[in-house]
Amino acid sequence: MSRLGMPVIVLASVFVTASARGQQGVHATIVPQANRVAAPAFQLADASGANKQVTDYRGKVVLLNFWATACGGCKLEIPALIELESEHTSDSFTIVGISMDTSYEGAKSADAAWGVVKPFVADHKLNYPVLMGDAMLITSYKMDKQGRIAATYAGVVDKSDVDANIKKLLAEP
């Protein structure tokens, strides 16, 4: 199967506690290609209600960022993620934010969560797509260009480490 026919690569998944004092400057080592496991598929709605799935990002390195609006660590890393998205616009890379406000914040429905998430996205000027996650997705998630988990971060990421891993994954055949 050709590279373009494969699912996306997820570079990192991040979801930290509400405390901004949690683990910061987190690094991750890329798992050797032969040892990577397939990442689960998803189908999630964006702010307009359109369903997106992992295969919509095929052929790209994708950093899946699991976050919530009240998560202090999540707020800390947003500027770095915005910069990474801007710095790699010409690459086969994107960040996809997965809001966990339905489970983490206890929103009663996706509509209720979007009522908080949409203003948050606008206020923080996120330059990457955001999807609404659910409790089923609170797992470590990381895939390569063949749809396999390549690395996992848990905590506030170190931007230079993520950038180095993006470049390594983009260079893979």
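# Reasoning from values to terms

Trainee: Phe-93 lies in strand 5, which covers residues 93-99. In this predicted model, why is Phe-93 called buried?

Mentor: The relative accessible area of Phe-93 is 4%, and the term buried applies under 20%, so Phe-93 is placed among the buried residues.

Trainee: Which residues does Phe-93 touch, if those up to four places away in sequence are not counted?

Mentor: With heavy atoms within 4.5 Å taken as contact, Phe-93 touches Lys-60, Val-61, Leu-63, Leu-84, Glu-85, His-88 and Ile-166. One of these partners, Leu-63, is 30 residues from Phe-93 in sequence, while their C-alpha atoms are 7.9 Å apart in space.

Trainee: His-88 is among those partners of Phe-93. Where is His-88 placed, and what makes His-88 count as buried?

Mentor: His-88 is in the loop between helix 1 and strand 5. Its relative accessibility is 3%, which is under 20%, and His-88 therefore counts as buried. Leaving aside residues up to four places away in sequence, the residues touched by His-88 are Phe-93, Asp-163, Ile-166, Lys-167 and Leu-170.

Trainee: How do you know that the side chains of His-88 and Asp-163 make a polar contact?

Mentor: The distance for this pair of side chains is 2.5 Å, and the cut-off for N or O atoms is within 3.5 Å, with one atom able to donate a hydrogen and the other to accept it. The pair of His-88 and Asp-163 is accordingly listed as a polar contact between side chains. Asp-163 itself is found in helix 4, residues 159-171, and, apart from residues up to four places away in sequence, Asp-163 touches Leu-84, Glu-87 and His-88.

Trainee: Why is Asp-163 called buried?

Mentor: Asp-163 has a relative accessibility of 14%; the limit is under 20%, so Asp-163 counts as buried.

Trainee: What makes the pair Cys-71 and Cys-74 a disulfide?

Mentor: The S to S distance between Cys-71 and Cys-74 is 2.4 Å, and the rule asks for cysteine sulfur atoms within 2.5 Å, so this pair meets the rule. The count by this rule comes to one disulfide. In general terms, such a link is a covalent bond between the sulfur atoms of two cysteines.

Trainee: What is the handedness of the disulfide between Cys-71 and Cys-74, and why?

Mentor: The torsion about the S-S bond of Cys-71 and Cys-74 is about 75°, and the disulfide is right-handed for that reason. Both Cys-71 and Cys-74 are buried.

Trainee: Which residues line the largest cavity?

Mentor: The lining consists of Asn-65, Trp-67, Cys-74, Ile-78, Phe-120, Leu-126 and Tyr-128. Two elements, strand 4 (61-67) and helix 1 (72-87), give two or more residues to this lining. The space in the largest cavity is about 30 Å³, and the count of cavities of 30 Å³ or more comes to one.

Trainee: Why is Lys-125 called exposed, and what is its phi?

Mentor: Lys-125 is found in the loop between helix 3 (110-124) and strand 6 (130-132). Its relative accessibility is 63%, and exposed applies over 50%, so Lys-125 counts as exposed. The phi of Lys-125 is positive, about 55°, although this residue is not a glycine. As background, most residues other than glycine have a negative phi.

Trainee: What makes Ser-86 count as partly exposed?

Mentor: Ser-86, which lies in helix 1, has a relative accessibility of 41%. Partly exposed covers the values between the 20% limit for buried and the 50% limit for exposed, and Ser-86 is therefore called partly exposed. The C-alpha atoms of Ser-86 and Asn-127 are separated by 7.8 Å, with their positions 41 residues apart along the chain.

Trainee: How do you know that Ala-151 is buried?

Mentor: Ala-151 is placed in the loop between strand 6 and helix 4, and its relative accessible area of 2% is under 20%, so Ala-151 is buried. Along the chain Ala-151 and Ile-30 are 121 residues apart, yet their C-alpha atoms are separated by 4.8 Å.

Trainee: What fraction of the contacts with a separation of 6 or more comes from residues 24 or more positions apart, and how many helices and strands does the chain have?

Mentor: Residues 24 or more positions apart account for 83% of those contacts. The chain has four helices and six strands, running β-β-β-β-α-β-α-α-β-α from the N terminus on, and 49% of its 173 residues count as buried.

Key. Residues numbered from 1 in each chain as written. Predicted model: local features only at pLDDT ≥ 70, side-chain atom pairs only at ≥ 80, totals over all residues. Heavy atoms only, no water. Buried < 20%, exposed > 50% of the residue type's maximum accessible area, 1.4 Å probe, protein only. 1 Å grid on protein atoms, 1.4 Å probe; cavity = no way out; pocket = protein on both sides within 12 Å on 5 of 7 lines; lining within 4 Å. Points joined across faces, edges and corners; volume = space filled by probe spheres on them.
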